[in-house]
Amino acid sequence: MRYYGKEPFDLKLTILRMWYRLPVIVGVTILGTLIFGGGYYVKNVLLRGPSLYEAVSVYRVDYDVQEEKDVGQVYINQVSWTTYLHSGTFLECLKKHLAEAGITMSDQELADALQADLASDLRMPSTIVTTDDPEKTTQIAAGVEAVMTGELASQIREVTSIQVIDPGDTAREVVPDVRVMRALILSAVLSCFFVTVFFLLKETGDDSVWLPASLRRRYGLNTAGTLSSKDLVENMKYFFRAKEGEKKMSSVAVCPVQEKLNPEEVLEALKTTCAETTGEGWFTVPSPWESPAVCETLREADGILLAVKAGSHVGKKLEYVLEYLEQQGCRVTAAILWDADEKLIGKYYLGKLRRERKRK
């Protein structure tokens, strides 16, 4: 089992590949924004339900202390105020006051509508009544004020009196904290982030072959280039140069790696591009991946040109073919990267060519 060389992380190639995926990234970002941001909008705006109204009553509590500094030791915190409001005794007293106003509600309904709050001043708690009817809200708030200043004040030993300093006689609509624009922006950022990370992980973990140089660096193959390479003709002449006393190799096999790659198409294109090198002795064979028995023919050839179709998921199949050919005593003379993305290759080497020109 051979272990082929691992290429270092190629930042430039990764950036180019991500640039090619930009339309997909943008599309997924827009789709994610519509799904998550749009879902937030539908849930919190279109399907928000009936409007709610709240009435806030503010009280002043006089504690049974000799000095003001002792208030901090006996004061009732927010949780305790809420517990008082939800207690059975408080709700029973409240229902009696509401019955006089013609309002009938269960203990659970009242508890859900009541909430207590405590500001920075420990002596100024407040009660908040929330329902879907503004008139009912103010009526319940009036009942709560009556119980707070009457029955509840007499039952708490730490309190001498409770007074209403700001009655909840006005119900205002509760405006939910809906931030559609922020939700859309967050959805777009998260969608873009996750799809970019996904493609980066896929790009770094994929055994793809996009550059002719990968065949040389990773697999140690003599690489003629691509069909459009400027150095293809000279590389073919050199790799398939004649043996002593001959002008060129008499028999060369064009062998594809992938079974879907047509070797006849490769040979015909090479005869057009490299007419001086290719000749009657050149022939095609199927991929060893598809037909293992082809190695018997390959051993009789003077040279082997391995055709590798560029793309993703190429590496493992190429490794299998190389290992099998080595076991069968078939030595690969050179390889050509077929159906390569010439624009990608051109952009990849453009920076290098520019630097070389500046040096000259």
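This passage describes the nonpolar cores, the first helix and the surroundings of one tyrosine in a predicted model.

The largest nonpolar core is a good place to start, and 34 residues make it up. Within this core, the residues with the most contacts are L215, L298, L306, L318 and L325. At least two core residues come from each of the helices α1 (11–20), α9 (212–219), α12 (295–300), α13 (315–327) and α14 (342–359), and likewise from each of the strands β7 (252–256), β9 (303–309) and β10 (334–338). Helix α13 supplies the largest share, namely five residues. A look at L298 shows how such a residue is surrounded: leaving aside residues up to four places away in sequence, L298 touches A253, C255, V285, I304, L325 and C330. A second core, separate from this one, holds 30 residues, among them I76, L98, M105 and V147. In soluble globular proteins, nonpolar side chains tend to be buried together.

Helix α1 also deserves a closer look. Its buried residues include L13, T14, L16, R17 and M18. Where α1 starts, a side-chain oxygen of D10 comes to within 3.3 Å of the backbone nitrogen of K12.

Attention now turns to Y75, which sits in the loop that links α3 (71–74) to α4 (78–86). Y75 is partly exposed, because its relative accessible area is 34%, a value between the 20% limit for buried residues and the 50% limit for exposed ones. Beyond residues up to four places away in sequence, the contacts of Y75 are with Y63, L118 and L122. V24 lies 51 residues from Y75 along the chain, and the C-alpha atoms of these two residues are 61 Å apart.

Terms used. Residues numbered from 1 in each chain as written. Predicted model: local features only at pLDDT ≥ 70, side-chain atom pairs only at ≥ 80, totals over all residues. Heavy atoms only, no water. Helix = DSSP H or I, 4+ residues; strand = E, 2+ residues; numbered from the N terminus. Buried < 20%, exposed > 50% of the residue type's maximum accessible area, 1.4 Å probe, protein only. Contact = heavy atoms within 4.5 Å. Core = buried A, V, L, I, M, F, W, Y, C linked by side-chain atoms within 4.5 Å. Polar contact = N/O pair within 3.5 Å; in protein donor to acceptor, adjacent residues only side chain to side chain.
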